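User: Please take a close look at a single part of this model and talk me through what is around it. I'd enjoy one connected account.

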Amino acid sequence: MAQRDLTFSVARNENPKSEEERNAILADPGFGKNFTDHMVDICWSEHGGWHRPRVQPYGPIALDPAAAVLHYAQEIFEGLKAYRHADGSVWSFRPEANAARMQRSAKRLALPELPTEYFIDSLKQLLAVDADWVPSAPETSLYLRPFMFAKEAFLGVRAAKKVNYYVIASPAGAYFTGGVAPVSIWLSTDYARAGKGGTGAAKTGGNYASSLLAQQEAAENGCAQVLFLDSAEGKYVEELGGMNVVLVYKDGTLVTPKSDSILEGITRDSILDLARDRGHKVEERRVSIDEWREGVASGDIVEMFACGTAAVVTPISQIKGAEFTIGSADAEAGPLTMSLREELTDIQYGRREDTRGWMVRL
Ligand code: PLP
Ligand code: COI
């Protein structure tokens, strides 16, 4: 179907939060608790394609109780951030990579693919009305959450013929309550997140639904996140509930799991690129939990960290399992972890030149 020129209509929120309220939120944003005054909404139908693009007041979405998403979870989402630079301008980080991943997720969930230019335009349109919501304190940003789901009211099991795409935004500070301090991770042995041929590589709600019980177990064991192993053998490292993992070996090599059932993180890809440019060897390959355990015990693995849009780069102090522990709770953040984190955030916040063309102005 020919792509249309998507011209957005804008309906301003008549009751936006007051400047005082907004400033109070921006002073202590936490993560995912408060939302800006507006949202984007674009419709899709089998015959009409993408149409009726709108910026409208943030608020509830009316759904028919038979809407397919409520029954069969035909849903995908993305996560990226808007950063305020010192001159006041607002930038996003590699948004075309999020757009491309959303297209891959859409394909897997039999949803329509939103063209990259529409995706980026939807962010720009939202920021055009909600730019005041981008905080400026160190380590803060505006988290952008594009998502798409099956809205058609129909109980037969098939791909929906009516879908909506939305973008909401939420001021964000550190994802973990301890900030950049090293976190403990729970090793799940009873549950898997995704399996061969499943939806593990897509950013779809079902993957997160299946992680929640394991995440609860993690919290009960004093851990901030859960680590999943492969579902077939329970032997190879996959990823955390909401972020990727990277190990640093003593010769400076960075190793990260390769698997068809993990989400390919844009943060991880960027960090590995920065490391390669510094001359580090980077390996994307299968990593067993035994290799991880033995590597830390022998001193071959010297640093470990989690990475993702929400988590940025967060050092891992220990992996706690039912039968063994890797590392220790009082382990400090690794120097390479912290310097890669600094280089990445310097680019994102405009403190360092963006030589790779990663930043896109919103
Ligand atoms: N893995 C999972 C399961 C995630 O939810 C995320 C976060 O989006 C990531 C990895 C990291 O992806 P990214 O760096 O693109 O945010
Ligand atoms: C993100 O980092 O964007 C995610 O979706 C992960 C989640 C833990 C918020």
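Analyst: Two strands pair when DSSP finds at least two bridges between them; strands (E, at least two residues) and helices (H or I, at least four) are DSSP runs numbered from the N terminus. This is a predicted model, with local features needing pLDDT of at least 70 and side-chain atom pairs counting only at pLDDT 80 or more, while totals for chains, interfaces and linings use all residues. Residues are numbered from 1 along each chain as its sequence is written, and chains are lettered from A and ligands numbered from 1 in the order in which they are written.

Let's start with β8. Strand β8 (residues 162-172) pairs with β7 (residues 141-150) in the antiparallel sense, through ten bridges. Within that pairing, Tyr143 faces Ser170 of β8. Strand β2 (residues 38-45) also runs antiparallel to β8, and six bridges join them. Here Ile42 is the residue opposite Tyr165 in β8.

The loop from β7 to β8 contains Ala159. Ala159 is partly exposed because 15 other C-beta atoms lie within 10 Å (buried takes 20 or more, exposed 12 or fewer, partly exposed falls in between, with C-beta atoms placed from the backbone). Leaving aside residues up to four places away in sequence, Ala159 touches Gln74 and Ala110 (contact puts C-beta atoms, placed from the backbone, within 7 Å). Ala159 and Met338 are 179 residues apart in sequence, with their C-alpha atoms 44 Å apart in space.

On the other side of β7, the loop between α4 and β7 holds Glu139. Glu139 is not a glycine, yet its phi is positive, near 70°. Glu139 has 14 other C-beta atoms within 10 Å, so it is partly exposed. Before that loop comes α4 (residues 116-130), whose 15 residues reach 21 Å from first C-alpha to last, close to the 21 Å expected at 1.5 Å a residue (1.5 Å times one less than the number of residues). The buried residues of α4 include Phe119, Leu123, Leu126, Leu127 and Val129, along with Ser122, Gln125 and Asp130.

Another non-glycine residue with a positive phi is Ala73, at near 60°. Ala73 sits in the loop linking α2 (68-72) to β4 (75-77). Its 16 C-beta neighbours inside 10 Å are why Ala73 counts as partly exposed.

Now for the ligands. Around ligand 1 stand Gly79, Glu239, Gly242, Met243, Asn244, Leu263, Gly265, Ile266, Thr267, Arg268, Gly308 and Thr309 (near means a C-beta atom, placed from the backbone, within 6 Å). By class, that shell has seven polar, three nonpolar and two charged residues (Ala, Val, Leu, Ile, Met, Phe, Trp, Tyr, Cys and Pro are nonpolar, Asp, Glu, Lys and Arg charged, the others, Gly among them, polar). Ligand 2 is surrounded by Gly79, Gly242, Gly308, Thr309 and Ala310. The ligand 2 shell has four polar residues, one nonpolar and no charged.

The element giving the most to the ligand 1 shell is α7, with three residues. Helix α7 (residues 266-277) has twelve residues, so at 1.5 Å a residue it should span 16 Å, and the 17 Å between its end C-alpha atoms agrees. Ile266, Thr267, Arg268, Ser270, Ile271, Leu272 and Ala275 are buried in α7. Just past this helix, Gly279 has a positive phi of about 95°.

Leu263, from the ligand 1 shell, is also among the contacts of Lys203, beyond four places in sequence, together with Ile76, Phe77, Glu78, Arg101 and Ser105. An unreviewed UniProt entry lists Lys203 as "modified residue: N6-(pyridoxal phosphate)lysine"; such annotations, given in the numbering used here with shortened feature names, may be inferred rather than shown by experiment. Lys203 belongs to the loop between β9 (183-187) and α5 (205-209). Lys203 counts as buried because it has 24 C-beta neighbours inside 10 Å.

One last stop is Thr314, in strand β16 (residues 312-320). Thr314 has 27 C-beta neighbours inside 10 Å and therefore counts as buried. Beyond four places in sequence, Thr314 touches Phe176, Val180, Val183, Phe305 and Ala306. Thr314 and Arg341 lie 27 residues apart in sequence, and their C-alpha atoms are 8.3 Å apart in space.

Key:
Two residues are in contact if their C-beta atoms, placed from the backbone, lie within 7 Å.
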